[in-house]
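Colleague: Please choose one part of this protein and take me through it closely, explaining each term as you come to it. I would rather have one connected account than a list.

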Amino acid sequence: MLNELAKANDNNLQILDLMALNAWQQQQFAVAIASWQKMLRLLPTGDARIPLIESSIEQAKSASGQQKSQLGLRITLSAVAEKMLPQGRLLYISVSDGNSPVPVAVKKFPLSHFPLSLTLDDSNAMLPQRLLSAQHQIQVRVRISRDGGADSQPGDWFGLSAVTPFNGQQQLTVDINQQVTGNN
């Protein structure tokens, strides 16, 4: 039904949006991307919907394996931290631009084995207008939450990378080797 509506109204933003969302739900990522790209061509410059649509396109590219920009992480745990870790906690990964405290990308995992290897991309973006692929430098913070909360608490263990130039295909290792005190 949507296809027939789209044929009759190929410049209707609501129909294109419905087609994209329907395709996304059915994991037809190429159709979703094409619909959102057509929407971008139809929207006026500066339209408030553009960042959200661009983020949706990047998420669809990531889900379909087309995402080109990614950050490979290897997370290790110091021997001291390993001895003191409680079981059943959460691992929080946040990537910033090295300047702003607002993360560009985040990911949360149940605590498991170390070393841990994973990949982050634009699908992990916090805000549609601040994609990982748009960053020129990054800093990664990895924290083990003792209480499961997103905010740092005294006693949590963490690791922090240096601010590193980012070209879209980085591999970083972050060692969890510090414990949160009252001021960090």
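Modeller: What follows looks at one strand, β1, and at the sheet and core around it.

This is a predicted model, in which local features need pLDDT of at least 70 and side-chain atom pairs count only at pLDDT 80 or more, while totals for chains, interfaces and linings use all residues. Residues are numbered from 1 along each chain as its sequence is written, and side-chain values use heavy atoms, with hydrogens and water left out.

To set the scene, the protein has five helices and nine strands, these being DSSP runs numbered from the N terminus (helices H or I with at least four residues, strands E with at least two). From the N terminus on, the elements run α-α-α-α-β-α-β-β-β-β-β-β-β-β, and the C-alpha atoms fill a box of roughly 65 × 30 × 25 Å along the principal axes. Of the 184 residues, 40% are buried, where buried means under 20% relative accessible area, exposed over 50% and partly exposed in between, with a 1.4 Å probe and protein chains only.

Strand β1 covers residues 70-77 and belongs to an open sheet of three strands in the order β4-β1-β8, with mixed pairing; two strands count as paired if DSSP finds at least two bridges between them. Because β4 (116-120) and β8 (169-176) stand at the edges with a single partner strand each, one side of each is left without a neighbour in the sheet. From one strand to the next the twist averages 20 degrees, an angle taken between N-to-C directions on a scale from 0 to 180 degrees, using axes that are lines fitted to C-alpha atoms, for helices over the stretch in contact.

The pairing of β1 can be followed residue by residue. With β4 the strand pairs in the antiparallel sense over five bridges: L71 has L120 as its bridge partner, G72 stands opposite T119, and R74 is partnered by S117. With β8, by contrast, β1 runs parallel, and eight bridges join the two, T76 having D175 as its bridge partner.

As for cover, six of the eight residues of β1 are buried. In β4 the side chains alternate, with L116, L118 and L120 pointing to one face and buried, whereas S117 and T119 point to the other face and are not buried.

Two residues of β1, L71 and L73, join V140 in touching the most other members of the largest nonpolar core, which holds 25 residues. A nonpolar core is here a set of buried Ala, Val, Leu, Ile, Met, Phe, Trp, Tyr and Cys residues joined through side-chain atoms within 4.5 Å. At least two residues of this core come from each of β1, β2 (90-96), β4, β5 (137-145) and β8. In soluble globular proteins, nonpolar side chains tend to be buried together.

L73 deserves a closer look: leaving aside residues up to four places away in sequence, L73 touches I93, L116, S117, L118, L120, V140, L172 and V174, a contact meaning heavy atoms within 4.5 Å. A second, separate core of 13 residues includes M39, I50, I57 and A60. Across the protein, residues 24 or more positions apart account for 58% of the contacts with a separation of 6 or more.
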